[in-house]
Amino acid sequence: MAQYNLKKHIENARDKKAELVIKNARVVNVFTEEIEEGDVGIADGLILGIGDYDAARVIDAKGAYLCPGLIDAHLHIESSVAHPSRFCDAVLEKGTTTLICDPHEMANVCGARGIRYMLRETEDVPLNAYFMIPSCVPCTSFETSGFKLYARDMEEFLSHPRVLGLGEVMDSVAVVNCEETMLEKLALFEGGCMDGHAPLLGGDRLNAYVTAGPRTDHECGEYWEIKEKLGKGMYILLRLGSVCRGMDGIFRRIAEEKLPTRRLCFCTDDKHMEDIRVEGHMNYILRRAVSNGIDPIHAVQMATINSAEAHRLERIGAVSPGYKADLVLFDNLKDFNVLSVIVGGKPFVRGAEHSLQRMEGIYDSVRLAPRAPDCLQLRVNGKTPVLNAVDNELLTHLTMEEVPSKDGLFTPTGDLLKLALLERHHASGRIGLGIMRGFRIHNGAVASTVGHDSHNLVVAGDNDADMLKAVDLLEECGGGYVVVSGGVALAKLPLPIAGLMSDLSLNEMEERLRQLLDALRGIGEWSGESDPFIWLSFISLPVLPNVRLTDLGVFDVTKMQFVGKGDA
């Protein structure tokens, strides 16, 4: 926004001194829940009002619907695997003009330097990129991250104009049990915004959690969770990304029961760039919500003003006098196809690719210990823990089973794959081993250095040789994704920026992602809509129900203890 000049803005609004006018628009009023018709006047990046305006620059909406620019209420840019500036261009084309970013992926790999990098690389992008400072790096003590962040490490970000508060407070156990290091972080951001992360938490423990300060939650997979947390004053961020796809039933129930929606918001959390470019970003969530019965104007509120209010953003999220002129024109309020996007009073036009600059400590982040040929052998005896995937969700469940073996060693077969989690920050040599059921791989392996949230190297396959080859290839290229079969790389996407993001152009990166999916389809099978690469990246997150694998072993999240055996 141009430098704020109160007197000038008042005069512009009073005297109708518009620089740009959008004519013949159907304006969605998120306050009165009505559709207004009229001209929208804009000057110095601000909306003057809705009425009868003239200006030298005119956009004829031709009866299209004018909405506030869309807001993603919680996301990790890193999960798109695109450089931040390129990510911003891609979502702007889909009508998203404001992001509430949590850079805890970068922080887990690179510490405070990673947060500085994300702030720097979004400094000059055309949209509003706000940040929440990661609260749990690592998210628990049951895994090994690249860095640990304490309250003292966060202090430098408190005065940053684009920092809104404390990022998703994932370690609800530490909050409820009043662990000192967590209390220090909560106290540092007291009175500011705090995002929550409390799947399946309810009752007195939820009361304690809300008392601590978190005011949002994006982890509600059950309708009862939404109602209970709404009743305690929280904002609920309904998530629809590349893995969490099972939101239709919740949308329908909200519509059927006429649940009040003014404290409901939308977020993507984690969405691959290929999915963004093919199906959309926040406009895709709008489409899905309306198709399942959500009133279109309520859906627009959930994608705009609700999210702004949840994060205390003033003058963002409405087509109203004094609000920032971040606007999107849709062809209709059913399909939400984007006709035009305006940011800060200027029509968005994709320009040249942004130049990328290296920052010390961001590249060359993969540091693995030497590996013995037998390092992935998994000895079993009797019933063994198995991690079972749930279609279209990040949830897993634990079963104890007799598994196929030869000479006392697990032998992948049928729908059971071997999993390995290699610590990749400190070359400790730690490897967690496990067994998973969720998708099949025949004569091959898939591996990634994207492994939430500590981002160790995760590999799954049906034979050790291909799994080790996949590990070697990712070590050589500085991190990324790879699919291997018969000792040959079928497809690979290097992610040299912290082992999380690519420095390729969007078109090149999208082609590589498509090749990866095609290669995995050639040797594998999975059910549901979920992106298998993103799903695999969450197999190591020990705050999501119900069982995970870290570099320390198989972890039962419900009991907060390890089960089975891992190389710890």
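**Notebook: looking up a predicted chain**

I began at R440. Setting aside residues within four places in sequence, I found R440 in contact with G414, D415, L417, I523, G524 and E525. The model I am reading is predicted. R440 sits in strand 23, which covers residues 439–441. Its relative accessible area is 35%, so R440 counts as partly exposed. I looked up one of its partners by distance: the C-alpha atoms of R440 and D415 are 5.4 Å apart, with their positions 25 residues apart along the chain.

**Entry: the whole chain**

I then stepped back to the overall picture. The chain has 17 helices and 31 strands. How does its radius of gyration sit against that of a compact globule? A compact globule of 568 residues would come near 24 Å, and the chain has 24 Å, so the two agree. The C-alpha trace spans about 85 × 50 × 45 Å along its principal axes.

I noted that 62% of the 568 residues are buried. Of the contacts between residues at least 6 apart in sequence, 70% join residues at least 24 apart. The exposed area of the chain is about 20700 Å², and carbon and sulfur atoms supply 47% of it. I also looked up the charges: there are 59 positive and 81 negative ones, and their mean positions are 1 Å apart.

**Entry: helix 15**

I picked helix 15, residues 464–477, and checked its length. Its 14 residues reach 20 Å from the first C-alpha to the last, close to the 20 Å expected at 1.5 Å a residue. Which of its residues are buried? I listed D466, M467, L468, A470, V471, L473, L474 and C477. An α-helix has 3.6 residues a turn, so residues three or four places apart point the same way. I kept that in mind while reading the list.

What do the buried residues of helix 15 pack against? I found strand 21 (417–422), strand 24 (445–448), strand 25 (457–461), strand 26 (480–485) and strand 27 (488–494). Just after the helix comes G478, with a positive phi of about 85°.

**Entry: helix 16**

I made the length check again for helix 16, residues 506–523. It has 18 residues and reaches 26 Å from first C-alpha to last, close to the 26 Å expected at 1.5 Å a residue. Its buried residues are L506, M509, E510, L513, L516, L517, A519, L520 and I523. I had already met I523, as one of the contacts of R440.

**Entry: D275 and I534**

D275 lies in helix 11, residues 273–279. Is D275 buried or exposed? It is buried, because its relative accessible area is 18% and the cut-off for buried is under 20%. Beyond its neighbours within four places in sequence, D275 is in contact with S242, G280 and D531.

I534 belongs to helix 17, residues 532–537. I534 has a relative accessibility of 3% and so counts as buried. Leaving out residues up to four places away in sequence, I534 touches S79, S242, V243, D270, K271 and H272. S242 thus appears in my notes for D275 and for I534. I also looked up I534 with G451: they are 83 residues apart in sequence, and their C-alpha atoms are 8.7 Å apart in space.

**Entry: backbone angles**

Most residues other than glycine have a negative phi, and most peptide bonds are trans. I went looking for exceptions.

Where are there cis peptide bonds? One joins V137 and P138, with omega about -5°. P138 is in the loop between strand 8 (128–133) and helix 5 (151–154). Another runs from H452 to D453, with omega near -10°. D453 is in the loop between strand 24 and strand 25; those two strands are also among the ones that helix 15 packs against.

For phi, I noted two aspartates. D269 is not a glycine, yet its phi is positive at about 65°. D269 lies in the loop between strand 13 (264–267) and helix 11. With a relative accessible area of 3%, D269 is buried. D364 is also a residue other than glycine with a positive phi, near 55°. The loop holding D364 runs between strand 16 (346–347) and strand 17 (384–389). D364 is exposed, because its relative accessible area is 62% and the cut-off for exposed is over 50%.

Key:
Residues numbered from 1 in each chain as written. Predicted model: local features only at pLDDT ≥ 70, side-chain atom pairs only at ≥ 80, totals over all residues. Heavy atoms only, no water. Helix = DSSP H or I, 4+ residues; strand = E, 2+ residues; numbered from the N terminus. Rg over C-alpha atoms; globule rule 2.2 N^0.38 Å. Buried < 20%, exposed > 50% of the residue type's maximum accessible area, 1.4 Å probe, protein only. Contact = heavy atoms within 4.5 Å. Areas by Shrake-Rupley, 256 points an atom, 1.4 Å probe, with all protein chains shown as cover. Lys, Arg positive; Asp, Glu negative; His and termini not counted. Charge placed at Lys NZ, Arg CZ, Asp CG, Glu CD. Expected span 1.5 Å × (residues − 1).
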